[in-house]
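Okay, thanks everyone, let's get going. I'd like to walk you through one structure this morning, so have a look at the screen.

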Amino acid sequence: MKKIIFDGDPGIDDALAIMLALQSKELQLIGITTVAGNVNVDRGTLNALSILEYLKIENIPVVRGSEKPLYKELETAEFVHGQDGLGNINLPSPKTQPIPQLASEFIINTIKNNPNEVTIVATGPLTNIAKMLTSSPEISNDILELIIMGGAVNIPGNVTSVAEYNIWADAEAAKIVLESDLPITLVPLDVTTSFRLTTANLYEIKKANTPISILISRMLPYYIEINQKLRNIDGCYIHDALAMAYSIDPTLFTTEMMGLEVMVNKNEEYGKLIISKEKPPLKICLKVNSQRFLRFFVDRMIK
Ligand code: BDR
Ligand code: CA
């Protein structure tokens, strides 16, 4: 089993990524660290704890992470994910508490105790990961892989015309991480927006009537409706689930090695990624087999 630390800002699609990990026997979810992004970090931490409690999962530590980006003001996205971050389903408040530790410290300690065994799946702004790298630069020798949902490589962004939300929300952190020598795989909008989860997929999930399928069928209607309103599309993108899927079955994706520069000047290019031969090469997913992915995802959500 691959040991996974999930670092994200739950968030509807972050929640889907967590559930995909829980449903995958190939993975052992050994910790969840939260970061301010889609919602503030307290809300995101409550969401992670509530999801685990709702699914009656015990013994996965949840650590409350960075409450704001490194330098920039926090800009949350409740209009996309609902006031509670989970499609306004108001899950009961959790009884469990986060572990009182810095997220970056938790990640460093876990990696040092399991050298070359830990994969981080990061699905929010990269603030915690940048802090990890700054305080422990040698960690790159001990991480198995860092899989990041973020960025737009050959297509326009989703928050500005050139930038994707996770990178734009803390581009200074993204610069530290993406221009480092960490063993990174990037799962950008190029693949996550190449197909959508449809209402027919959602109906199939709902019919399974398991705790996970019930949770998904409560969360997703809001997300589908907002996608329809904001982008005039049917169905919804489930970005973060693709990053978790990569950790399970990388053959779903076609990748290329490229270096990327992250633009951090405070102008209209803030958060843009530029392909660069000068930067250390990272693995970038540029295509996904969407039919195979959807079957894989729905099957795991209904079992
Ligand atoms: C990313 O932004 C967030 O809103 C989603 O959770 C995902 O991680 C997509 O741009
Ligand atoms: Ca996210």
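I'll go through the calcium site, the packing inside, one loop residue and then the cysteines.

Before anything else, keep in mind that this is a predicted model.

So, the metal. What holds the calcium ion, ligand 2? The donors come from Asp9, Asp14, Thr123 and Asp240, and Asp14 is listed twice, through OD each time. The aspartates all use OD, while Thr123 gives its O. The distances run from 2.2 to 2.6 Å. If you like to think in sequence patterns, the donors are spaced D-x4-D-x108-T-x116-D along the chain. And are the two aspartates at the start of that pattern buried or exposed? Aspartate 9 sits at 0% relative accessibility, so it counts as buried. Aspartate 14 is also at 0%, so that one counts as buried too.

Next, the greasy part. The largest nonpolar core has 63 residues, and the ones touching the most other members are Met19, Phe293 and Phe297. Let me pick out Phe297. Leaving aside residues up to four places away in sequence, Phe297 touches Leu16, Leu20, Leu197, Ile205, Ile238 and Ala241. Apart from that core there's another one, of 42 residues, including Ala103, Ile143, Leu182 and Leu260.

Now a loop residue, alanine 152. Where is it? Ala152 is in the loop between strand S5, residues 143-149, and helix H6, residues 165-168. Loop or not, Ala152 has a relative accessibility of 5%, and because buried means under 20%, it counts as buried. What does Ala152 touch, not counting residues up to four places away in sequence? That list is Gly157, Glu164, Pro188, Leu189, Asp190 and Leu273. There's also a long-range pairing to point out: Ala152 and Lys272 are 120 residues apart in sequence, but their C-alphas are 7.6 Å apart in space.

Last bit, the cysteines. How many disulfides are there? The count comes to 0. Why is Cys236 not in one? The closest cysteine sulfur, in Cys285, is 20 Å from the sulfur of Cys236, and that's too far for a bond, because a disulfide needs the two sulfurs within 2.5 Å. Going the other way, Cys285 is in no disulfide either, and its nearest cysteine sulfur is that of Cys236, 20 Å away. As for accessibility, Cys236 is buried, at 0% relative accessible area, and Cys285 is buried at 0% as well.

That's my tour, happy to take questions.

Conventions:
Residues numbered from 1 in each chain as written. Chains lettered and ligands numbered in written order. Predicted model: local features only at pLDDT ≥ 70, side-chain atom pairs only at ≥ 80, totals over all residues. Heavy atoms only, no water. Core = buried A, V, L, I, M, F, W, Y, C linked by side-chain atoms within 4.5 Å. Buried < 20%, exposed > 50% of the residue type's maximum accessible area, 1.4 Å probe, protein only. Contact = heavy atoms within 4.5 Å. Donors = N, O, S within 2.8 Å, 3.2 Å for Na, K, Ca; no water. Helix = DSSP H or I, 4+ residues; strand = E, 2+ residues; numbered from the N terminus.
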